[in-house]
Amino acid sequence: MTTQSASGGDVFVPHLGSYLLSHSIGLAMSGSREIASDYFDTWEQHTADAWPRWLAGIDGFRSALAALLGTEAHSICPQNNVSSGLTKLLDSLPHDVDQPTVLISEDAFPSLGFVCSRSGYDVRFIPAAANLSDPITWREHLHGVDVAVITHVHSNTGVCLPVPEIAAEVAAAGAVTVVDVAQSAGIIPIDLAGWGVDVVVGSCVKWLSGGPGAGWLWIADALVDRCTPTDVGWFSHEAPFEFDIHDYRDAPDALRFWGGSPTVLPFLIAAHSI
């Protein structure tokens, strides 16, 4: 891992020897402690305007992540982790059948399978021995599927799937495409504008060196208005500070998936690391 910038300054915190755990927890960036200190300074010394300050920081996170992924900030909603984002998404989608079907590989990260198993969907698994890199493999399993969950890079094998080609098969089958990029964001270029997918979930704990807690959900503009999340709160409201208990309105963009009072510090650190 490179620990210095081109100008010679330290990019990461000092570490003795080679750091080989970025696939699990990225090494903290230099300046992360200072970001945390600023957060506590706001809490302790600027309480009256803490939310405006913190929300501006979270907006910075959304903008930085959007620039990295080739998308727009309004399409990104902060989440605690990938599981949270997938749970809210599956719960929000409209379907024409009583029990829709979700397709996922047995090689996907177990959390995704756990979410699918409790989602109320029928869960269809592509066997781990199948060639997941071949779009035809996905085509053979897509009949009657409503949602397909694709892992961009598999954590247990390192296999990187051709997302645009697989997404084309999913779209042709009339299903919603969800892509997990937790193991690829920050190390493999991602251009959401060219992927042709509906939803992406990810986190900043690995190659983005943002630490745990800064997960996120991206949703395509064409899908967001069809989604009706049930795990809502004042920050998923169109006007969070309106405070009218009789008038809830979904935010017009991805923030309808946000929910109640958000965590703040992880996103400030992640914005810095991105």
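Ala, Val, Leu, Ile, Met, Phe, Trp, Tyr, Cys and Pro count here as nonpolar, Asp, Glu, Lys and Arg as charged, and the others, Gly among them, as polar. With that scheme in hand, take the second largest pocket of this predicted model. Its lining residues divide into five nonpolar, two polar and three charged. The residues are Leu 93, Pro 94, His 95, Asp 96, Val 145, Asp 146, Gly 174, Ala 175, Val 176 and Arg 226. The volume of this second largest pocket is about 160 Å³.

Now the largest pocket. Its volume is about 300 Å³. The lining holds 21 residues. Val 82, Phe 109, Ala 182, Ser 203 and Lys 206 are the ones nearest the pocket centre. By class, this lining has eight nonpolar, ten polar and three charged residues. Two helices each supply at least two of the lining residues: H3, spanning 82-92, and H4, spanning 110-117.

Turn next to strand E4, residues 147-151. Five of its five residues are buried, so the strand is largely enclosed by the rest of the structure. Its side chains point two ways. Val 147, Val 149 and Thr 151 go one way, while Ala 148 and Ile 150 go the other, and all are buried.

What does E4 pair with? Strand E2, residues 101-105, pairs with E4 in the parallel sense over three bridges. Within that pairing, Ile 104 has Val 149 of E4 as its bridge partner. Strand E5, residues 176-180, also runs parallel to E4, and five bridges join the two. Here Ile 150 is matched with Val 179 in E5. From E4 the chain passes through H6 to reach E5, and this β-α-β crossover is right-handed.

Helix H6 leads on to the salt bridges. Side chains of opposite charge can pair when their charged atoms come close. Nine salt bridges are counted in the model. One of them joins Arg 139 to Glu 169, with the closest N and O atoms 2.9 Å apart. Arg 139 lies in helix H5 (residues 135-139) and Glu 169 in helix H6 (residues 163-172), so this bridge ties together parts 30 residues apart in sequence. How exposed are the two ends? Arg 139 is partly exposed, at a relative accessible area of 48%. Glu 169 is buried, at 16%.

A second bridge links Asp 253 with Arg 62, at 3.8 Å from N to O. These two sit in distant parts of the chain, 191 residues apart. Asp 253 is in the loop between helix H8 (221-224) and helix H9 (265-273), and Arg 62 is in helix H2 (residues 50-69). Is each partner buried or exposed? Asp 253 has a relative accessible area of 18%, under the 20% cut-off, so Asp 253 counts as buried. Arg 62 is buried too, at 7%.

The third pair is Asp 225 and Arg 256, whose side chains meet at 3.5 Å, N to O. Both residues lie in the loop between H8 and H9, 31 residues apart. Their surroundings contrast. Asp 225 is exposed at 62% relative accessibility, whereas Arg 256 is buried at 6%. Elsewhere, Glu 238, Glu 242, Asp 247 and Arg 249 form one network through salt bridges that share partners.

Methods: Residues are numbered from 1 along each chain as its sequence is written. This is a predicted model: local features need pLDDT of at least 70, side-chain atom pairs count only at pLDDT 80 or more; totals for chains, interfaces and linings use all residues. Side-chain values use heavy atoms; hydrogens and water are left out. A salt bridge is a side-chain nitrogen of Lys or Arg within 4 Å of a carboxyl oxygen of Asp or Glu. Helices (H or I, at least four residues) and strands (E, at least two) are DSSP runs, numbered from the N terminus. Buried means under 20% relative accessible area, exposed over 50%, partly exposed in between (1.4 Å probe, protein chains only). On a 1 Å grid over the protein atoms alone, a cavity is a set of points where a 1.4 Å probe fits but cannot get out, and a pocket is an open set with protein on both sides within 12 Å along at least five of seven lines; lining residues have an atom within 4 Å of a point. Grid points are joined across faces, edges and corners, and a volume is the space filled by probe spheres set on the points. Two strands pair if DSSP finds at least two bridges between them. A crossover is right-handed if, with the strands pointing away from the viewer, the path from the first strand over the helix to the second runs clockwise.
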